[in-house]
Amino acid sequence: MKLATLAIVAGLPLLLLAADRKWASKDYTEWSAAETERVLADSPWVKRAQASYGTTDEDARAYPVKAPGPREAGLGGRGVSDGNWDGGVGRMQTGGDPKLPVTVRWDSALPIREALLKSHAAEAGETPNTLSKPEKYYTVAVIGLAAAHKVSSENAERDQFEMTRTRQGLLNQSRLLRRDKKAIVPEDARIDESGNVRVFFPKTDAITLEDKEVVFGTAFGSIRVSQRFRLKDMVYKGKLEL
């Protein structure tokens, strides 16, 4: 009896995981509102992260192929000596540095694109016809990083200058990191009126399942964000979706 009970308990995580991914076996047009929300808020393509405040004084555009440390990756700022290839992502920092909760989301992944379209989100930018076409870039969004804003006609020149400076900072500091490979640097970055940051990375050096993990890192002024994603969890309908 005890062994049977233990077996049932041990199998619960798998059953719960299967239930959580039930939406993946359906066409997105059949997703319920709750399933659509789950894809956008609690799926392998969406992670909650704690952005940290600190100094970001590096402008790294070339990276070593062999296991970059945090300073080579540009994720550590001054005085960091973690030594891990991913800059110590996932470690809880102790001390007095304040944290900012953000959401990191792969907006170029097909299930996210489908969910945005299904939910009629303002940032969807898709039609049923365009979903069949692969995205040109790996697009990673950081939600909650910047304040909402509207360009004012009275201060258009100042606003444009600030947006250009912010965009350049994101281009200088953002990257996708994989173990023992050169980091992928972005080609573009944008901030919408809601304050959502989107960073666009080229697909010329494709991310594959053999990479096992990818780490997204960026800096917004003095705020640093880094988040790890496990690639085997990001398979959708038999294909790695990024």
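Which residues of H4 are buried? In this predicted model, the buried set runs through Leu110, Pro111, Ile112, Arg113, Glu114, Ala115, Leu116 and Leu117. That makes eight of the nine residues of H4, so the helix is largely enclosed by the rest of the structure. As for what does the enclosing, the buried residues of H4 pack against H2, strand E1 (46-53), strand E2 (99-106) and strand E9 (235-236). Just past the helix comes His120, with a positive phi near 60 degrees.

Now for the setting. The chain is built from five helices and ten strands. Of its 242 residues, 41% count as buried. If one takes the contacts between residues at least 6 apart in sequence, 66% of them join residues at least 24 apart.

Back to H4 and its helical partner. Helix H2 (residues 33-41) packs with helix H4 (residues 110-118) at an angle of about 135 degrees, and the two axes are 9 Å apart. An angle over 145 degrees would count as roughly antiparallel, and 65 to 115 as roughly perpendicular; H2 and H4 are therefore oblique to each other. Their crossing is left-handed. On the H2 side the contact is made by Thr36, Val39 and Leu40, while H4 brings in Pro111, Ile112, Ala115, Leu116 and Lys118. By residue type, this contact of H2 with H4 splits into six nonpolar, one polar and one charged.

A second spot worth a look sits at the end of another helix. Ser174 lies in the loop between helix H5 (156-173) and strand E4 (175-177). Is this loop residue buried or exposed? With a relative accessibility of 0%, Ser174 counts as buried. Its side chain has polar company: a polar atom of the Ser174 side chain lies 2.7 Å from the backbone oxygen of Leu170, and the side chain of Ser174 also makes a polar contact, at 2.5 Å, with the side chain of Thr218. Setting aside neighbours within four places in sequence, the residues in contact with Ser174 are Ile184, Val185, Pro186, Val199, Phe201, Gly217 and Thr218.

Thr218 turns up again with the residue just before this loop. Gln173 belongs to helix H5, and its relative accessible area of 7% puts it under the 20% cut-off, so Gln173 is buried. Gln173 and Thr218 are 45 residues apart in sequence, yet their C-alpha atoms are 5.3 Å apart in space.

Finally, a few backbone oddities. Most residues other than glycine have a negative phi. Against that background, Asp180 has a positive phi of about 60 degrees although it is not a glycine. Asp180 sits in the loop between E4 and strand E5 (188-191). Its relative accessible area is 37%, so Asp180 is partly exposed. Lys212 is another such case, with a positive phi near 70 degrees in a residue other than glycine. This one is found in the loop between strand E6 (197-202) and strand E7 (213-220). Lys212 has a relative accessibility of 62% and therefore counts as exposed. His120, met above just after H4, also has a positive phi.

Terms used:
Residues are numbered from 1 along each chain as its sequence is written. This is a predicted model: local features need pLDDT of at least 70, side-chain atom pairs count only at pLDDT 80 or more; totals for chains, interfaces and linings use all residues. Side-chain values use heavy atoms; hydrogens and water are left out. Axes are lines fitted to C-alpha atoms, for helices over the stretch in contact, and angles run from 0 to 180 degrees between N-to-C directions. Helices (H or I, at least four residues) and strands (E, at least two) are DSSP runs, numbered from the N terminus. Angles under 35 degrees count as roughly parallel, over 145 as roughly antiparallel, 65 to 115 as roughly perpendicular and the rest as oblique. A crossing is left-handed if the near helix is turned anticlockwise from the far one by less than a right angle, and right-handed if clockwise. Contact means heavy atoms within 4.5 Å. Ala, Val, Leu, Ile, Met, Phe, Trp, Tyr, Cys and Pro count as nonpolar, Asp, Glu, Lys and Arg as charged, and the others, Gly among them, as polar. Buried means under 20% relative accessible area, exposed over 50%, partly exposed in between (1.4 Å probe, protein chains only). A polar contact is a pair of N or O atoms within 3.5 Å; within protein, one must be able to donate a hydrogen and the other to accept it, and residues adjacent in sequence count only if both atoms are side-chain atoms.
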